[in-house]
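Open the model in a viewer and keep a selection box ready. The stops below say what to select and what is there.

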Amino acid sequence: MRKIFLSLAGAAVTGGMLLGGCQSASDSQSPLTGTVWILEQDSLPGRQANWEKPQQPITLVVDEADRVSGCAGVNRYFGSVRFTGDNQLQFSQMGSTRMAGPGLQYESAYLQALPQADSYQVSGDRLTLQDGGQTLLQFTPGKKAVE
């Protein structure tokens with residue numbers, strides 16, 4: 001019994017060191033972490049003038065583990081992002097809660113656009129997500145994210 005416990009403890013320590021090393025590499029790749037990014041609603045592709053605006057700002061938060069979350073205007077959403085090179089990224093499909101409210105057209109357009117982004121650029125206080133070098137979504141920083 002003692003040998004099994006020591007083997008499991010050793011595996012946990014080794015695994016923890018490996019995971020810690022991987023997480024540190026991810027931290028250095030993303031200047032997107034630590035900020036709640038707020039979508040500039042006018043940058044939303046396909047936006048129509050007659051759409052009812054959401055009551056909540058559309059936000060993007062990336063944490064140190066490359067998990068993505070935020071408010072899509074009505075519902076909370078979540079997913080992940082993978083940084084694939086210099087300013088290159090790939091978002092997963094996003095999951096979300098399913099509440100109703102004003103601004104669902106904005107929310108739907110945002111959640112469809114986000115996974116299309118393949119790169120990003122941070123210039124001054126603006127984050128731009130791009131698809132094939134073309135501007136897709138633009139954000140300004142809100143508050144610091146809770147870490």
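## First stop: a ring pair

Select Tyr110 and Phe139: both residues are buried. The model is a predicted one. Which elements hold the two rings? Tyr110 belongs to helix H2 and Phe139 to strand E9, so the pair ties together parts 29 residues apart in sequence. The ring centres of Tyr110 and Phe139 are 6.4 Å apart with the planes at 70 degrees, so this pair is edge-to-face. Add Tyr77 to the selection: ring pairs link Tyr77, Tyr110 and Phe139 into a cluster.

## Zoom out: the whole chain

Switch to a cartoon view. The protein has 2 helices and 9 strands, and from the N terminus the elements follow the order α-β-β-β-β-β-β-α-β-β-β. Of the 147 residues, 36% are buried. Among contacts with a separation of 6 or more, 52% are between residues 24 or more positions apart. On a surface view, the protein exposes about 8,800 Å², with carbon and sulfur atoms supplying 52% of that area.

## The nonpolar core

Select Leu60, Phe91, Tyr110, Leu129 and Leu137. These are the residues with the most contacts inside the largest nonpolar core, which has 29 residues. Two or more core residues come from each of strands E1 (35–39), E2 (59–62), E4 (76–85), E5 (88–91), E8 (126–131) and E9 (134–144), and from helix H2 (104–113). Which element gives the most to this core? H2 does, with 5 residues. As background, nonpolar side chains tend to be buried together in soluble globular proteins.

Now centre on Leu137 and show its surroundings. Leaving out residues up to four places away in sequence, Leu137 touches Leu39, Ser43, Leu44, Pro45, Tyr110, Ala113, Leu114, Leu127, Thr128 and Leu129.

## Helix H2 and its cover

Select H2 and colour its buried residues: Tyr106, Glu107, Ala109, Tyr110, Leu111 and Ala113. An α-helix has 3.6 residues a turn, so residues three or four places apart point the same way. The cover over the buried residues of H2 includes E1, E2, E4, strand E6 (95–96) and E9.

Go next to Thr59, in strand E2. Is this residue buried or exposed? Thr59 counts as buried because its relative accessibility is 10%, below the cut-off of 20%. Apart from neighbours within four places in sequence, its contacts are Val36, Trp37, Ile38, Ser69, Gly70, Cys71, Tyr77 and Tyr110.

## A second ring pair

The whole structure holds 4 aromatic pairs. For another of these, select Phe83 and Tyr120, which are edge-to-face, 6.0 Å centre to centre and with 85 degrees between the planes. Phe83 is in strand E4 and Tyr120 in strand E7 (residues 119–123), so that the pair links distant parts of the chain, 37 residues apart. Phe83 is buried at 9% relative accessible area, and Tyr120 is buried at 4%.

## Salt bridges

Show the charged side chains. How many salt bridges does a search of the whole structure find? The search finds 3. Side chains of opposite charge can pair when their charged atoms come close.

- Arg126 and Glu40: the closest N and O atoms are 2.7 Å apart. Arg126 is in strand E8 and Glu40 in the loop between E1 and E2, so this bridge ties together parts 86 residues apart in sequence. Arg126 is partly exposed, at 33% relative accessible area.
- Asp42 and Arg47: the N to O distance is 3.6 Å. Asp42 is exposed at 59% relative accessibility, whereas Arg47 is partly exposed at 30%.
- Arg67 and Asp63: the N to O distance is 2.7 Å. Arg67 is exposed, with a relative accessible area of 51%.

## Last stop: Gly124

Select Gly124, in the loop between E7 and E8. Gly124 counts as exposed because its relative accessible area is 76%, over the cut-off of 50%. To finish, draw a distance from the C-alpha atom of Gly124 to that of Thr140: the two are 9.5 Å apart, with their positions 16 residues apart along the chain.

Methods:
Residues numbered from 1 in each chain as written. Predicted model: local features only at pLDDT ≥ 70, side-chain atom pairs only at ≥ 80, totals over all residues. Heavy atoms only, no water. Core = buried A, V, L, I, M, F, W, Y, C linked by side-chain atoms within 4.5 Å. Buried < 20%, exposed > 50% of the residue type's maximum accessible area, 1.4 Å probe, protein only. Helix = DSSP H or I, 4+ residues; strand = E, 2+ residues; numbered from the N terminus. Contact = heavy atoms within 4.5 Å. Phe/Tyr/Trp six-rings, centres within 6.5 Å; stacked < 30°, edge-to-face > 60°. Areas by Shrake-Rupley, 256 points an atom, 1.4 Å probe, with all protein chains shown as cover. Salt bridge = Lys/Arg side-chain N within 4 Å of Asp/Glu carboxyl O.
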